[in-house]
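Colleague: Got a minute to go through this model with me? I'd like to know what stands behind the labels.
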Amino acid sequence: MGFFDEPFDLMTPPEGRVEGVAKVTGSGKYAAEYKVNGLCHAVLVGSTIAAGTILNINTSNAKQVAGVLGVITHLEKPVVPGMADEEKIKEARFGLPVFHTDKVYFKGQPIALVIAETLEDATYAASLVSAEYREDAKTVDFNGTLGFVSLTPAGKDRGDITALNSAAHSIEAEYNIKAEVHNPMEMHATIAEWTADDKLKLFDKNQGVNNVQRTFAKLFNIPVNHIEVISEFVGGGFGSGLRVWPHALACIMAAKLVKRPVKLMLTRPQMFYSVGYRPASWQKIKLGANADGKFIGIHHQAKNGTSVYENFNEGITRVTRLIYNFDNLKAEAATVPLNLSTPTWMRGPGDCTGDFAIESAIDELSYKLNIDPVALRMKNLALEKNPETGLPWSTNYINECIEKGAQMISWKDRKAAHSQNIEGDWNIGYGMAVGAWNAGRGNASAGIQMQKDGSITVQTAMTDIGTGTGISMQNIAHETTGISKSKIKIELGNSNLPPAPSQGGSNGLSSIGGAVVAAVNALKLKLAEHAALQNEAYKNVAAADILLSDKGISLKTANSQFFISYASLWEKNKLGILEVEASSGPGAERQKYAFCSSAAHFCKVRVNRKTGKVKIERLVTVSDGGKIISEKAAANQMSGAAVGGIGMALMEEQATDERLGTLVGNDFAGYHFPVNADAPIIEVAFINKPDPNINPQGSKGLGEVGIIGTAAAIANAIYNATGKRLRDLPITPDKVL
Ligand code: MOS
C-alpha cells in the first residue's frame, strides 16, 4: 500500500498542495492580512548611528501628528516583566533588549515605535522622531576585524594533523563568503491583540508557533496557554522565522500601550537588519592525501561575524566531521563581533558555508592528484558509519546520489583538464560537490477529528513555510488509514492545535510524520473500542490489525462480516466528533544509529571570457532524503534550495559601508538573487529509499541538503571551464575576469 513499499507511479501527474488553491486565489491569509476590529498601525524608528548611547530622544513632534495614538521609547514604555532588570534580560536570552536600553549596537536598531490610526500617519510621525547620541567607535568590516579574534577548538580532535606534513599532495587555502540575507517573499509581520490583561492573541509570521508562545509567556510572565499564535500561511522563511525578533515584542508592547490591536509589518529594507542573516565568514582549509588519493586529514579553521550584543557561532566546521573519513582532523572556530544585528540560521546554516570550503579544496586536490573528482570522493566517503560518533548509519546513500548525478549530467563529457571545452567566447566546464546534514527528529504531536461520514481533519501546530508539510501529512494519513485524500483535511500553524517543533533544520516532516502515524493508531484503537460494543472481535485488537476505509472499520485477520460502517458505529454509540491526539518522537534508535541526509550536486557552466558572465547551463541535484512522501513538494524544496545555491555562488552579498557603519543596498535593486533568467530548470532526483529507523514513514529531512554543496559545484565548474580557482563568494564577473 502506497509509499511504504511501492515506487512512484511516474505516469500520474504530481498532486498539488493541500493549501495550493487558497494560496493562489488569495483566500489563504498571511500574518499581516487578517482583518481585526479596531486595528491600528505601528512603525519602527531606527537609530541613525551604529554604536553609542542615546542621550535624548525627541518624540514631541511625532505625538502632535493627527491620528497618533502613542510612542514607545526606552524612556516611555509598557512594562515587560521578563526585561525588568539586567539579570532578567540575560535570562530571557531574547537577544536585543529592544526599548530596554539606551545603548545602540547597530544602525537601524529600533529606538522608538510610533502607533497611529493609519499606516500613513504612523509612517509620517515616525519620520519626525529624532535623537541625540554619544557615538562610540564602530566597525562593520568583517574581514578587517577577523584578525583580532583568536580561534578556539571546535569539537574533538581526531588523530594528529601533523600527519598532513607528510602528505604526498596537499592544499592550503582560504575562503571568504559575504553575508547573505534570507529575504523570504513575505515580510515579517505581527498583529498583536491583548484580549484580556493576561491573554494575548498574535497573528505572526514565524517558523514555529509554540516557540513564539513560549518566548512571550516568559517575557510577559503569563501562562503559555494564554497566548494564541496563528501562522496558518507562511510565505517562506529560510531560517528567519526560527527566532522571535524585536519587532514582534515591539508590536505586543504597542498593543499594551494603546489597548488596541496593533499591526507591525517590517519594510523590505528593515528585513535586512531585523530578522537575522547568514553571517560573513572566513575559512582556512589544509587538506592532504596520499598519492593514491586516500585522505590523510584536514585542518579546518573558521570565523563568522556576529553582533556585539550576542554571540552567534554558525557551526561552520560541523560538516567537516560528517562526510569523509578523516583519520586526522582538527577544527577551530571563532566569532567576530561587529556593529550589525545578530545573524542567525539561514538555508543550510553552517554546513553550507563549511562545505563550500571543503568541497572546493577537494576539487582542487583532485587536479593535483590527477584523479577524477567523483572517484576521489568515492574513495573517501564515510559510508559505513558516522566518522565522529562511530555509530553505523541507519541509511546513507550518498554514493548513489553521486552515481546518479554523474549519469544525469553525463559527467563523462567533462574534460579532465581545465579550459579544454570552448565554444566561441564561452568556456564550458563541469563541476560537482556533495553535501550532508544530520537528520534530526523532534517530539511532535498531532490530532485527528473524525466525523460520521468518515472524513477526518488532521491537526498540528507546526507551520508549513512552503515545504509541503500539509500535503505530506495528508499523504501519510491517507496511506495509514486508507481514507481518500478528498476526505482528509489538514489544519496547521495554530498554537491551539497539538504542539510541534518549529519547522527548521530539515526536521519538520521527520518529526510530524511520526505524530500523524501515532494519531492514526490512536484513532484506530478508539474506533475499535466503540466497535467492540457491537462485535466482540474488536476487543483488545492491536492498531496494526485494524483496517479503515472511507466507509467503515474492519479487521485485517477476520472476514468481511465483521465490517462496521461509520454510520452505524456513530448511531449505536451516539458519537459526535471523535477526537484523538498522540505524540511521537525519537527514541532508542538514536543510540544505535547515526542519521544523515545527503546530496550530490552537478553543474555545467558556460563562462564568457569577455564579460566574465557565468551562465549555469545545467544543475542536477540528487538527494537521499529517505522515503519521499510528496514528490512534488520534495522536488520544489530541492530546486528552491539549488536556486539559493546559485545565489550564494554568484550573486548574494550583503554589502556594508565601513565609514558609515551601515549596510548598503537594502532592497531588491541592491541585493541580487537569481531570477528565472539566472537559473536553468533544476534537475532534481531522489534515491527514495526509506530509512527504516528514523521514524515510521522512513523520511529523512530535505531542504538543507539542497544547498549544501551547490555553491562548490558551481565554483568547481567555473574552474574546470576557465582554470580560475575562485574561493570568495559571490563569484561576480569581476572576479571571473
Ligand atoms: Mo532553516 S535555516 O532550517 O529554516
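Colleague: Leaving aside neighbours within four places in sequence, which residues is Ile 714 in contact with?

Modeller: Gly 431, Cys 603, Val 605, Ile 616, Ile 646, Ala 649 and Leu 650. Being in contact means that the C-beta atoms, placed from the backbone, lie within 7 Å. Bear in mind that this is a predicted model: local features need pLDDT of at least 70, side-chain atom pairs count only at pLDDT 80 or more, and totals for chains, interfaces and linings use all residues. Numbering starts from 1 along each chain as its sequence is written.

Colleague: Why is Asn 370 called exposed?

Modeller: A residue is exposed if 12 or fewer other C-beta atoms lie within 10 Å of its own, buried if 20 or more do, and partly exposed in between. Asn 370 has 11, so it counts as exposed. It lies in the loop between helix 9 (351–369) and helix 10 (373–380), helices being DSSP runs of H or I with at least four residues, and strands E runs of at least two, numbered from the N terminus. Asn 370 also has a positive phi of about 60°, although it is not a glycine.

Colleague: And what makes Asn 540 exposed?

Modeller: Asn 540 has 9 other C-beta atoms within 10 Å, so it is exposed too. Its phi is positive as well, about 55°, and it is found in the loop between helix 13 and strand 21 (546–548).

Colleague: How do you know that the peptide bond between Leu 729 and Pro 730 is cis?

Modeller: Omega is about 0° there. Pro 730 is found in the loop between strand 30 (728–729) and helix 18 (733–736).

Key:
Contact = placed C-beta atoms within 7 Å.
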